[in-house]
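Subject: A structure for you to explore

Hi there,

Here is the structure I promised to send you. Have a look around it first, and then read my notes below.

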Amino acid sequence: MILSEWKFPSLRPIRMDALHTQHDTATLITGAGGDYVLTVEANQKSLYAQLKTLPRTSIPAVTRTDRGHGRRATRTIKVVDVPAWVEFAGARQVAQLRRTVTRKGRRTVEIVYLITSADARTAPPAVLATWVQSHWEVENRLHRVRDVTFDEDRSHIRTGNAPRVMAGLRDTAITLLRLHGHDNIAAALRHHARHTDRPINLLLMA
């Protein structure tokens, strides 16, 4: 099914990283009845620079600190109504999200900017920050599995479109296993490798 045919529940926004922050994407999602949260990072120089210039000193910040796995993560978000020069379809708010992570005395800081079609009633600052945090957690889980379980960095498939195809196949396998309730992807791969018909059954039940 193509994106323009999807119907999205209004309270479940589509969250995407900077690669997908495109006007066409925003138009398709809002046209299908959904909301989006799009990330703007330094690889989109013009838009990123414009968002950095927004005055934020008078904007109240919402901060949350989480501890676990040997680290402390503090997230601070500031949200304002979308300025007129942001031309993404349906855009209602923009935000700055600052994430400071301290692990073993070492601190790292990441700042991203967000554009969302959800209004302030649907997505107040705390809700918007939670949406983005959950998206980051999913991304981190996916990248860790690809790096550790599939040992993707040492793959010798490096020419033409083959690396992209293989990455897509790995993502598909991870998604199918998660849909069927597997949290440990390495264990799930070993389980299904014991019988050649098990991977086929996964596809048939998807």
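Let me begin with helix H2, where Lys45 and Ser46 are exposed on one side. Before going further, please keep in mind that this is a predicted model.

Which residues of H2 are buried? They are Leu47, Tyr48 and Leu51. Looking down the axis of H2, you will find these buried residues within an arc of 100 degrees, so they line one face of the helix. The cover over the buried residues of H2 includes strands E2, E5 and E6. Lys45 and Ser46, which I mentioned above, sit on the other side of the helix.

Now for the whole chain. Its secondary structure amounts to 6 helices and 6 strands. If you follow the sequence from start to end, the pattern reads β-α-β-α-β-β-β-β-α-α-α-α. The chain has 206 residues, and 35% of them count as buried. The accessible surface is about 13200 Å², with 53% of that belonging to carbon and sulfur atoms. Among contacts between residues at least 6 apart in sequence, 52% join residues at least 24 apart.

Next, the inside. In soluble globular proteins, nonpolar side chains tend to be buried together. Here, the largest nonpolar core has 19 residues. Tyr36, Val40, Leu51, Phe88, Val94 and Ile115 are the ones with the most contacts inside this core. You have already met Leu51 as one of the buried residues of H2. Two or more residues of the core come from each of these elements: strand E1 (14–16), helix H1 (23–31), strand E2 (36–40), helix H2 (45–52) and strand E6 (106–116).

Tyr36 is a good residue to click on. Leaving aside neighbours within four places in sequence, Tyr36 is in contact with a list of residues that includes Ile14, Ala26, Ile29, Phe88, Ile115 and Ser117. Apart from the largest core lies another one, of 13 residues, with Val37, Val79, Leu97 and Ala118 among them.

The strands are worth tracing too. Strand E3 (residues 62–68) pairs with E4 in the antiparallel sense, over 7 bridges. One bridge partnership to look for is that of Arg64 with Arg75 in E4. E4 also pairs with E5, again in the antiparallel sense, over 11 bridges. Across that pairing, Lys78 stands opposite Gln96 in E5. How many of the 11 residues of strand E4 (residues 71–81) are buried? The count is 8, so this strand is mostly covered.

On to the charged side chains. How many salt bridges does a search of the whole structure find? It finds 3. Here they are:

- Arg64 and Asp66 meet through their side chains, at 3.1 Å from N to O. Arg64 is partly exposed, with a relative accessible area of 44%, and Asp66 is partly exposed as well, at 22%.
- Asp66 also forms a salt bridge with Arg75, where the closest N and O atoms are 3.2 Å apart. Arg75 has a relative accessibility of 9%, so Arg75 counts as buried.
- Glu110 forms a salt bridge with Arg99, with the closest N and O atoms 2.5 Å apart. This pair links distant parts of the chain, since Glu110 is in strand E6 and Arg99 is in strand E5, 11 residues apart. Glu110 is partly exposed at 27% relative accessibility, whereas Arg99 is buried at 15%.

Arg64, Asp66 and Arg75 are joined into one network by salt bridges that share partners. Do try to find Arg64 and Arg75 on their strands again, as they are also the bridge partners I described between E3 and E4.

One last stop is Lys104, in the loop between E5 and E6. Most residues other than glycine have a negative phi. Lys104 is not a glycine, yet its phi is positive, at about 55 degrees. Is Lys104 buried or exposed? Lys104 has a relative accessible area of 82%, and any value over 50% counts as exposed, so Lys104 is exposed.

Enjoy looking through it, and write back with any questions.

Best wishes

How values were computed: Residues are numbered from 1 along each chain as its sequence is written. This is a predicted model: local features need pLDDT of at least 70, side-chain atom pairs count only at pLDDT 80 or more; totals for chains, interfaces and linings use all residues. Side-chain values use heavy atoms; hydrogens and water are left out. A nonpolar core is a set of buried Ala, Val, Leu, Ile, Met, Phe, Trp, Tyr and Cys residues joined through side-chain atoms within 4.5 Å. Buried means under 20% relative accessible area, exposed over 50%, partly exposed in between (1.4 Å probe, protein chains only). Helices (H or I, at least four residues) and strands (E, at least two) are DSSP runs, numbered from the N terminus. Contact means heavy atoms within 4.5 Å. The arc is that of the directions from the helix axis to the C-beta atoms. A salt bridge is a side-chain nitrogen of Lys or Arg within 4 Å of a carboxyl oxygen of Asp or Glu. Accessible areas come from the Shrake-Rupley method with a 1.4 Å probe; for residues, only the protein chains shown count as cover. Two strands pair if DSSP finds at least two bridges between them.
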